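Please examine the sequence and the three-dimensional structure shown here. The explanation that follows leads from the whole chain to its separate parts.

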Amino acid sequence: MSAFALPARRQAAVSGLGTLWWQVIWRGRGAGGTPTFHVHSRAVFSSSAQLQQYQPPGSFPHVHRSTLAKLTPQQVTNVLRANDTSFVMDFDSPVHRFDSNQLASNSPIEDRRAAGRCLYSGDMLFGVFDGHGGCACSQAISERLLDYIAVSLMDYKQLCEYKKSMETSAGRAEAVRRFNFANDYATEESARRYTEGLYKFAREVLAAYDDEAEAEDCLRHAFERVDEDLSSEAQTKLPNGQINFEALQAAYAGSTSVVAHVRGADLYVANVGDSRAVLGVQREDGTWEPRPLSSDHNALNPSEILRIRGEHPRSESTYVVKGGRLLGYLQPLRAFGDVKFKWKKELQMEVLNTAYNKNLIPVNYYTPPYLTAMPEIIHHRLTSSDKFLILASDGLWEPMNKRQAVRHVGEHLTGNHRGTLRINGMKTLGDMNDILKKRRANRSSEVMDQNVATHLIRHALGDTDDGIDHSKLATMLTLPDEIVRLYRDDITITVIFFNSEHIASLE
């Protein structure tokens with residue numbers, strides 16, 4: 001079987017939907033020469049049985065809407081709103097409120113999200129985590145990263161107070177007061193392990209405290225330390241001498257992450273992978289400008305290619321990034337977990353090969369680590385023109401670009417839903433009249449979601465030139481499990497709305 005995956009674009013037609021494009025990865029030929037497609041656009045390609053595969057019967061699937069379940073508009077709305085939530089800050093803060101939502105494509109969903117307020121500083125933290133190879137890593141990161149960031153950002157007095165709380169608290173001493181989402185969960189065993197790791201980290205930060213450390217340094221330290229803890233815990237056996245498979249799964253799977261830290265008018269975005277942060281700026285004339293605050297860490301980013309090639313011998317330059325993937329396997333070029341791209345061969349043979357009873361070492365694996373969880377950090381000083389920040393996994397950015405996303409949120413915020421009229425080719429006045437009538441009819445029947453994250457998902461999956469097409473949207477929500485990944489990924493969105501008056505007082 002081929003040792004690497006070759007990305008290719010395939011055209012998939014769904015009856016009644018028009019033409020949809022999706023990335024399908026040709027991996028090679030399985031037993032009997034059957035083509036094997038991996039339908040996760042960012043999956044790790046290996047022989048591991050954990051990875052989801054779809055084997056079409058000789059051709060790319062063509063799905064007729066008549067074979068799918070029919071959803072009424074209200075049922076569509078119920079599906080879209082199942083995981084949405086909104087929080088309004090009842091304290092003085094540069095953040096007024098935030099909306100969040102998730103829509104699964106994988107089963108179970110591999111995305112996670114987190115939000116909280118730092119108890120010792122009052123800073124706000126928001127994160128979106130896009131897992132691959134399962135949800136174990138994104139789940140672990142969503143439970144841990146905000147706490148590590150909060151501890152890393154504490155001043156000396158706050159660290160001393162937190163250490164005292166650690167020593168006297170019967171349970172886990174909180175560093176972050178979290179906003180709870182309906183589908184949050186945690187296991188007792190992992191919570192104990194995570195608390196031990198956090199306490200050890202806090203003691204080390206206090207012992208080596210540097211009052212000249214910048215916020216960017218603290219964020220970087222927290223990201224890298226969480227990843228180091230995932231790695232070390234996967235190597236630590238249980239008291240009975242057995243492998244801790246829960247810890248190993250979190251380190252073997254992977255996750256991208258985009259986190260926003262808000263302290264007064266200072267906004268920091270720390271990004272690992274290809275989730276994105278986009279700031280919505282309102283111009284003086286009322287129009288909206290998207291301002292990216294993150295870069296994608298993948299093969300489409302030339303600086304990432306140069307970085308990785310520069311970290312390894314020139315003899316590896318032809319295959320360190322191959323077919324648009326790290327070593328031909330992994331699409332994001334920075335990620336948490338994914339220890340098969342970080343550990344030395346000897347350690348992989350000792351832990352991974354023993355645990356999974358197979359050789360999982362990638363081909364052309366000579367000078368690890370090839371992957372890092374070091375974030376790229378962008379600092380932005382907020383002004384009263386900065387109205388909101390969109391954090392989202394790539395499931396949103398595949399069907400929708402940043403300009404469309406900011407326009408939809410901005411129009412939702414102001415109540416001005418003008419939309420964009422797109423006319424293809426020459427039209428007569430009669431044609432234009434019909435187009436405008438149809439557009440007005442569709443616009444007037446659109447559902448107004450109070451939660452703007454839900455509003456974005458509705459538009460991402462159902463938008464047409466004439467507005468939301470209910471038929472298209474219903475079809476996208478009822479695609480069979482076997483092919484749904486060909487058309488959409490997990491989508492997780494958090495939109496943070498800033499308190500303009502509070503920020504203006506800080507300018």
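Of the 507 residues in the protein chain, 54% are buried. The model is a predicted one. Its chain is organised into 15 helices and 20 strands. Among the contacts with a separation of 6 or more, 72% join residues that stand 24 or more positions apart. The protein chain exposes about 22,100 Å², and carbon and sulfur atoms supply 50% of this area.

The interior may be considered next. The largest nonpolar core has 44 residues, and those that touch the most other members are Ile141, Leu145, Ile149, Val151, Tyr162, Phe223 and Phe336. Two or more residues are given to this core by each of the strands β6 (111-118), β7 (124-132) and β10 (266-272), and likewise by each of the helices α2 (136-152), α3 (156-168), α4 (188-207) and α5 (215-235). Helix α2 provides the largest share, namely nine residues. To see how one member is placed, consider Ile141: leaving aside its neighbours within four places in sequence, Ile141 is in contact with Phe129, Val226, Leu230 and Phe336. Apart from this core lies another, of 35 residues, which includes Ala392, Leu396, Ala453 and Leu477.

Helix α6 (residues 245-252) has the buried residues Ala247, Leu248, Ala250, Ala251 and Tyr252. Against which elements do the buried residues of α6 pack? They pack against the helices α2, α4, α5 and α9 (352-356), and against the strands β9 (254-263) and β15 (336-337). The N-terminal end of α6 is capped by Asn244, which has a side-chain oxygen 3.3 Å from the backbone nitrogen of Glu246.

Attention now turns to a sheet. Six strands form an open sheet with antiparallel pairing, in the order β4-β5-β20-β17-β11-β12. Why is one side of β4 (85-88) and of β12 (288-292) left without a neighbour in the sheet? These two strands stand at the edges and have a single partner strand each, so one side of each remains without a neighbour there. From one strand to the next, the twist averages 15°. Within the sheet, β5 (residues 95-103) and β20 (residues 491-498) are paired in the antiparallel sense over eight bridges. Asp99 stands opposite Val495 in β20.

A helix packs on this sheet: α13 (residues 452-462) touches β5, β17 (386-392) and β20, and its direction makes about 40° with that of β5. Is α13 largely enclosed or largely open? Eleven of the eleven residues of α13 are buried, so this helix is largely enclosed by the rest of the structure. The buried residues of α13 include Val452, Leu456 and Ile457, and also Arg458 and His459. At the start of α13, Asn451 has a side-chain oxygen that reaches to within 2.8 Å of the backbone nitrogen of Ala453. That residue, Ala453, is also one of the members of the core of 35 residues.

A last example is Met476, which is located in helix α14 (residues 470-477). Met476 counts as buried because its relative accessibility is 4%, and the limit for a buried residue is under 20%. Although Met476 and Arg488 are twelve residues apart in sequence, the distance between them in space is 8.0 Å, C-alpha to C-alpha.

How values were computed
Residues are numbered from 1 along each chain as its sequence is written. This is a predicted model: local features need pLDDT of at least 70, side-chain atom pairs count only at pLDDT 80 or more; totals for chains, interfaces and linings use all residues. Side-chain values use heavy atoms; hydrogens and water are left out. Helices (H or I, at least four residues) and strands (E, at least two) are DSSP runs, numbered from the N terminus. Buried means under 20% relative accessible area, exposed over 50%, partly exposed in between (1.4 Å probe, protein chains only). Contact means heavy atoms within 4.5 Å. Accessible areas come from the Shrake-Rupley method with a 1.4 Å probe; for residues, only the protein chains shown count as cover. A nonpolar core is a set of buried Ala, Val, Leu, Ile, Met, Phe, Trp, Tyr and Cys residues joined through side-chain atoms within 4.5 Å. A polar contact is a pair of N or O atoms within 3.5 Å; within protein, one must be able to donate a hydrogen and the other to accept it, and residues adjacent in sequence count only if both atoms are side-chain atoms. Two strands pair if DSSP finds at least two bridges between them. Axes are lines fitted to C-alpha atoms, for helices over the stretch in contact, and angles run from 0 to 180 degrees between N-to-C directions.
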